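Visitor: Please take one part of this model and go over it closely, along with whatever lies around it.

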Amino acid sequence: MVFTIREPQRADAPTIADLHVATWKEAYAHLLPAEYFSDDYVEKRHRMWHHVLSEPRDDMTIRLAEVDGEAVGFAWTGPGEGREGEEPPRDRLLYALYVRASEYGTGVGQALLDEVLGSESAMLWVAKENPRATAFYRRNGFRFDGVEQTDPHAPLITDARMVR
């Protein structure tokens with residue numbers, strides 16, 4: 001399989017928003033009610049990605065993976081964030097890394113992670129109920145640090161923090 005990875009442009013915002021929604025459905029449909037993916041949810045993703053790509057920041061890195069011109073994955077990193085009153089355990093945070101289920105095992109996810117983080121120390125939040133993602137991050141040197149929280153965007157999902 002041949003894929004390309006590139007820096008997205010402002011015009012890619014709708015594509016990444018739709019990809020974000022599609023990959024969340026694939027990854028979390030068994031954990032969230034169908035009504036979670038409402039028109040309002042989709043619209044919020046579109047607004048978010050329009051904002052993110054319209055006002056790029058030097059401290060953030062975003063990459064888009066494509067196969068034959070079709071978006072199949074994305075990754076996004078930025079500054080580390082601690083919980084309320086806590087210093088961040090790492091300077092970099094992997095905000096998101098999502099790949100279409102059809103691309104699992106093809107190397108797209110690994111290539112995206114390598115593009116946005118390389119071997120840098122970092123932190124991330126992963127759904128505890130997502131063993132595929134957990135195994136992927138473990139293979140890349142991340143380990144759980146014992147901190148958990150309810151996902152602020154999906155209160156039915158418990159996130160666990162991983163660091164390397």
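Guide: Two strands pair if DSSP finds at least two bridges between them; strands (E, at least two residues) and helices (H or I, at least four residues) are DSSP runs numbered from the N terminus. This is a predicted model, in which local features need pLDDT of at least 70, side-chain atom pairs count only at pLDDT 80 or more, and totals for chains, interfaces and linings use all residues. Residues are numbered from 1 along each chain as its sequence is written, and side-chain values use heavy atoms, with hydrogens and water left out.

The part chosen here is strand S2, residues 61-67. On one side, S2 pairs with S1 in the antiparallel sense over three bridges; within this pairing, Arg6 has Leu64 of S2 as its bridge partner. S2 also pairs with S3, again antiparallel, over seven bridges, and Thr61 stands opposite Thr77 in S3.

S2 and S3 form a hairpin with two residues between them. One residue of that turn, Asp68, has a positive phi of about 50°, in a residue other than glycine. At 78% relative accessibility, Asp68 counts as exposed (over 50%; buried means under 20%, and partly exposed lies in between, with a 1.4 Å probe and protein chains only).

The strand itself is another matter. Seven of the seven residues of S2 are buried, so S2 is largely enclosed by the rest of the structure. Thr61, Arg63, Ala65 and Val67 point one way, while Ile62, Leu64 and Glu66 point the other way.

In the wider setting, seven strands form an open sheet of mixed pairing, in the order S1-S2-S3-S4-S5-S7-S6. S1 (4-6) and S6 (143-151) are the edge strands, each pairing on one side only. From one strand to the next, the twist averages 25°. Further along the sheet, S4 (residues 92-99) and S5 (residues 123-127) run parallel and are joined by two bridges, with Leu93 opposite Met123 in S5.

Helix H1 (residues 13-28) packs on the sheet and touches S2, S3, S4, S5, S6 and S7 (154-163); contact means heavy atoms within 4.5 Å. The direction of H1 makes about 90° with that of S3 (axes are lines fitted to C-alpha atoms, for helices over the stretch in contact, and angles run from 0 to 180 degrees between N-to-C directions). Helix H2 (residues 39-54) lies across S2 and S3 and runs at about 65° to S3. Several residues of H1 are buried, including Ile16, Leu19, His20, Thr23 and Trp24.

The side chains between these elements come next. A nonpolar core is a set of buried Ala, Val, Leu, Ile, Met, Phe, Trp, Tyr and Cys residues joined through side-chain atoms within 4.5 Å. In the largest one, of 26 residues, Trp24, Tyr28, Leu32, Tyr36, Trp49 and Phe74 touch the most other members. H1, H2, S2, S3, S4 and S7 each supply at least two residues of this core, and H1 gives the largest share, eight residues. Neighbours within four places in sequence aside, Phe74 is in contact with Arg63 and Leu64, and with others, among them Ile16, Leu19, Trp49 and Leu97. A second, separate core has 20 residues, including Leu97, Val99, Val108 and Leu113.
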